[in-house]
Amino acid sequence: FPLCSDAFSGFIALHNHKEDNKEIVEATNHLIYNVIPDFIPELTQMIQEARDKEKLYTFRLTEAIHRVGINIRYLGVIRSHILHPDVRTFILVEMCARVIKNKVRKLLRSTMKELKAPLEEPYRRGVIKFLNLVLGNGESSELYWNNNVRRALMKKFDMALTKEEQ
């Protein structure tokens, strides 16, 4: 059934906003408590098959999830239902990649705002410095992952990490 895209926005205060909001809550609950748990066995099997065929690098997680109507913002919820360690790790890697991508974009935006010049070199230096931090194995990299990336994962993806991982 069609849902109101303006629910919870305040744009429809004079309209039947309570009913629209209620329908969104019901649809979200259906997604979280029915659609996602029902999809987990299929997703687990797809990822394991891709791994076994050494095709994991070509597996399209986003497409698989979107095909059943699940938005990427629910990756944490998906991961919380998965028991297989390799599949949990695969989902975690995807979430980390998305967090890091967003941090690179934020870095580029702030550099652009600061410089106000279309020079390539400062952006390149900033990205290289950031990737060295993210991909390094020193104390600063460990601190970055333990603080910044972990916090961003929990903020961006509900239920992304177990209590032990937090």
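Arg 109 sits in helix H4, and with 53% relative accessibility it counts as exposed, because the cut-off for that label is over 50%. Keep in mind that you're looking at a predicted model. Arg 109 is also one of the residues that form a positive patch on the surface, so let's start there and then move on to the charged pairs.

**The positive patch**

- The patch is made up of Arg 73, Lys 101, Arg 105, Lys 106, Arg 109, Lys 155 and Lys 156.
- Two elements each give two or more residues to this patch: helix H4, covering 85-115, and helix H6, covering 139-156.
- Which helix gives the largest share of the patch? That's H4, with 4 residues.

**Salt bridges between helices**

- Side chains of opposite charge can pair up when their charged atoms come close.
- Going by the salt-bridge rule, the count here is 10.
- One of these pairs is Glu 42 with Arg 67, whose side chains meet at 2.8 Å, N to O.
- Glu 42 belongs to helix H1 and Arg 67 to helix H2 (residues 61-67), so this pair ties together parts of the chain that are 25 residues apart in sequence.
- Is Glu 42 buried, partly exposed or exposed? With a relative accessible area of 34%, Glu 42 is partly exposed, because buried means under 20% and exposed means over 50%.
- Asp 86 and Arg 51 make another salt bridge through their side chains, at 2.7 Å from N to O.
- This pair links distant parts of the chain too, as Asp 86 is in helix H4 and Arg 51 is in helix H1, 35 residues apart.
- Both partners land in the partly exposed group: Asp 86 has a relative accessible area of 43%, and Arg 51 comes in at 29% relative accessibility.

**A small network and one more pair**

- Arg 51 and Asp 86 turn up again in a network, where salt bridges with shared partners join them with Asp 52.
- Arg 60 and Glu 63 also pair up, with their side chains meeting in a salt bridge at 3.7 Å, N to O.
- Out of buried and exposed, which word fits Arg 60 and Glu 63? Both of them are exposed.

**How confident is the prediction?**

- Across the protein chain the average pLDDT is 93, and 97% of the residues score at least 70.
- Confidence is lowest in helix H1 (residues 17-52), with a mean of 94, and highest in helix H3 (residues 75-81), at 98.
- As a general reading tip, predicted coordinates shouldn't be read in detail where pLDDT is low.

Notes
Residues are numbered from 1 along each chain as its sequence is written. This is a predicted model: local features need pLDDT of at least 70, side-chain atom pairs count only at pLDDT 80 or more; totals for chains, interfaces and linings use all residues. Side-chain values use heavy atoms; hydrogens and water are left out. Patches are made of residues with over 30% relative accessible area and no salt bridge: like charges are joined within 9 Å, nonpolar side chains (Val, Leu, Ile, Met, Phe, Trp, Tyr) within 5 Å. Accessible areas come from the Shrake-Rupley method with a 1.4 Å probe; for residues, only the protein chains shown count as cover. A salt bridge is a side-chain nitrogen of Lys or Arg within 4 Å of a carboxyl oxygen of Asp or Glu. Lys and Arg count as positive and Asp and Glu as negative; His and the chain ends are not counted. The place of a charge is taken as NZ of Lys, CZ of Arg, CG of Asp or CD of Glu. Buried means under 20% relative accessible area, exposed over 50%, partly exposed in between (1.4 Å probe, protein chains only). pLDDT is the predictor's confidence in each residue, from 0 to 100.
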